[in-house]
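Trainee: Could we go through a structure together, one residue at a time? I'd like to practise reasoning from contacts and surface area.

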Amino acid sequence: RFRDINQLSGGERTVAALAFLFALWKVQPAPLFVMDEIDAALDNVNVTRVAEFIRAQAQHVQFITISLKDTFYDKSDGLVGVYRNVEANSSGTVTFDLREY
């Protein structure tokens, strides 16, 4: 069914935007996606759907996603945490390889 974009919820807008983005990707493939908190407006059911879709597509393309929801990042191959190092006045990183879990 057709609805004006202004009548959609934030989660519905996100799903529509992702569907459009991935449709464009099918036509014009890219080797890498960088996505920042695409799951912010989604409920847990749709976060899981998006994460599973991305996981399935990871055979063909590399994804770097930023997320604060464990429902999303528990499906990843690895995690990179960024933290503030006050003593060094800089940022630091911690990396976890999750492929064996």
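Mentor: Here come a few questions and answers on this predicted model.

Trainee: Is Q57 buried, partly exposed or exposed?
Mentor: Start by placing Q57, which sits in helix α2, residues 44–57. Its relative accessible area is 11%, and the cut-off for buried is under 20%. So Q57 counts as buried.

Trainee: Which residues does Q57 touch, leaving out those up to four places away in sequence?
Mentor: Skip the sequence neighbours up to four places away, as you say. For Q57, that leaves W25, K26 and F63.

Trainee: What about D97: is D97 buried, partly exposed or exposed?
Mentor: D97 belongs to strand β4, which covers residues 90–97. Its relative accessible area is 42%, and anything between 20% and 50% falls in the middle class. Therefore D97 is partly exposed.

Trainee: Which side chain makes a polar contact with the side chain of D97?
Mentor: Don't mix this up with the residues that D97 touches beyond four places in sequence, namely D77 and G78. The polar contact is a side-chain pair at 2.8 Å. The partner of D97 there is R99.

Trainee: How far apart are the C-alpha atoms of D97 and S76?
Mentor: Along the chain, D97 and S76 are 21 residues apart. In space, their C-alpha atoms are separated by 9.1 Å.

Trainee: Which residues make the nonpolar surface patch of about 270 Å²?
Mentor: One member is L32, in strand β1 (residues 32–36). L32 is partly exposed, with a relative accessible area of 40%. The full set is L32, V34 and I64.

Definitions and conventions
Residues numbered from 1 in each chain as written. Predicted model: local features only at pLDDT ≥ 70, side-chain atom pairs only at ≥ 80, totals over all residues. Heavy atoms only, no water. Helix = DSSP H or I, 4+ residues; strand = E, 2+ residues; numbered from the N terminus. Buried < 20%, exposed > 50% of the residue type's maximum accessible area, 1.4 Å probe, protein only. Contact = heavy atoms within 4.5 Å. Polar contact = N/O pair within 3.5 Å; in protein donor to acceptor, adjacent residues only side chain to side chain. Patch = residues over 30% accessible without salt bridge, like charges linked within 9 Å, V, L, I, M, F, W, Y side chains within 5 Å. Areas by Shrake-Rupley, 256 points an atom, 1.4 Å probe, with all protein chains shown as cover. Salt bridge = Lys/Arg side-chain N within 4 Å of Asp/Glu carboxyl O.
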